[in-house]
Amino acid sequence: MISGSLENEIMNAVWTIEENSSKDISVADVVEFINKNSSAPKAYTTVKTVMDRLADKEYLNRIKAGKKFCYTSTSSRTDSARTAMRNLASRYFNNDMQSFMKALEKECLKK
């Protein structure tokens, strides 16, 4: 499971870049995307460390390209969201997806 907010921010950046481009994704691409779309800039080394950890956790593929690494997601945003919802339903609703969806709908209607 993606555990931290920076991990989530990086995965969202990777998915968005993948959706909008067919090029290989570098750490610099992710840093540029995050820093362009965030009020709290992130350092290259911080992003690289987290991306390497995401690769170790098998959320990202890491491919050597010359002197640098390129990354791709191992699953789509939709597949990852589906897995996260199943995990929440399992953890909090005893795998009862209907109860989970009712709670989600109730929460959405609050706003």
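Trainee: Of the 111 residues of the chain, what share count as buried?

Mentor: A good opener. This is a predicted model, and 27% of the chain's 111 residues count as buried. The accessible surface comes to about 7,600 Å², and carbon and sulfur atoms account for 51% of that area.

Trainee: How many helices and strands does the chain have, and in what order do the elements run?

Mentor: There are 5 helices and 2 strands. Reading from the N terminus, the order is α-α-α-β-β-α-α. Along the principal axes, the C-alpha atoms fill a box of roughly 50 × 30 × 25 Å.

Trainee: What share of the contacts joins residues at least 24 apart?

Mentor: Here you start from contacts between residues at least 6 apart in sequence. Of those in this chain, 40% join residues at least 24 apart.

Trainee: Let's turn to the strands. Which way do β1 and β2 run, and how many bridges join them?

Mentor: Two strands count as paired when at least two bridges are found between them. In this model, β1 (residues 60–65) and β2 run antiparallel, with 6 bridges joining them. For a landmark on screen, look for Lys64, which stands opposite Phe69 in β2.

Trainee: What lies between β1 and β2?

Mentor: The two strands form a hairpin, with 2 residues between them. Check the backbone of Gly66 in that turn: its phi is positive, about 70 degrees.

Trainee: Now a helix. Which residues of α2 are buried?

Mentor: For helix α2 (residues 27–36), the buried set is Val27, Asp29, Val30, Val31 and Ile34. The elements that cover these residues include α1 (5–20), α3 (44–56) and β2 (68–73).

Trainee: Asp29 catches my eye in that list. Why does Asp29 count as buried?

Mentor: Buried means under 20% relative accessible area. Asp29 has a relative accessible area of 15%, so this residue counts as buried. Setting aside neighbours within four places in sequence, Asp29 is in contact with Ile17, Lys23 and Asp24.

Trainee: And Asp24, is that residue buried or exposed?

Mentor: Asp24 is exposed, at 53% relative accessibility. You will find Asp24 in the loop between α1 and α2. Beyond residues up to four places away in sequence, Asp24 touches Asp29 and Cys70. For a sense of distance, try Asn95: 71 residues separate Asp24 and Asn95 along the chain, and their C-alpha atoms are 38 Å apart.

Trainee: What does Val14 touch outside its sequence neighbours?

Mentor: Val14, in helix α1, is buried at 0% relative accessibility. Leaving out neighbours within four places in sequence, its contacts are Ile25, Val30, Met51, Leu60 and Ser73. You can also relate Val14 to Asp29: these two are 15 residues apart along the chain, with 8.7 Å between their C-alpha atoms.

Trainee: Where is Ser80 found, and what does Ser80 touch?

Mentor: Ser80 is found in helix α4 (residues 77–93). Its relative accessible area is 16%, which makes Ser80 buried. Apart from residues up to four places away in sequence, Ser80 touches Trp15 and Ser75.

Trainee: On to the cysteines. How many disulfides does the count give?

Mentor: The rule looks for a pair of cysteine sulfur atoms within 2.5 Å. Here the count is 0 disulfides. As for accessibility, Cys70 is buried, with a relative accessible area of 6%, whereas Cys108 is exposed at 52%.

Trainee: Last one: which residues form the nonpolar patch on the surface?

Mentor: Residues in a patch need over 30% relative accessible area. The patch here is formed by Met85, Met97, Met101 and Leu104, which together have about 300 Å² of accessible area. Helix α5 (residues 97–110) gives the most to the patch, with 3 residues.

Trainee: How does Met101 fit in, by its relative accessible area?

Mentor: Met101 sits in helix α5 and is partly exposed, with a relative accessible area of 40%. Partly exposed is the class in between buried and exposed. Try colouring the patch residues in your viewer, then compare them with the buried residues of α2 we listed earlier.

Key: Residues are numbered from 1 along each chain as its sequence is written. This is a predicted model: local features need pLDDT of at least 70, side-chain atom pairs count only at pLDDT 80 or more; totals for chains, interfaces and linings use all residues. Side-chain values use heavy atoms; hydrogens and water are left out. Patches are made of residues with over 30% relative accessible area and no salt bridge: like charges are joined within 9 Å, nonpolar side chains (Val, Leu, Ile, Met, Phe, Trp, Tyr) within 5 Å. Accessible areas come from the Shrake-Rupley method with a 1.4 Å probe; for residues, only the protein chains shown count as cover. A salt bridge is a side-chain nitrogen of Lys or Arg within 4 Å of a carboxyl oxygen of Asp or Glu. Helices (H or I, at least four residues) and strands (E, at least two) are DSSP runs, numbered from the N terminus. Buried means under 20% relative accessible area, exposed over 50%, partly exposed in between (1.4 Å probe, protein chains only). Contact means heavy atoms within 4.5 Å.
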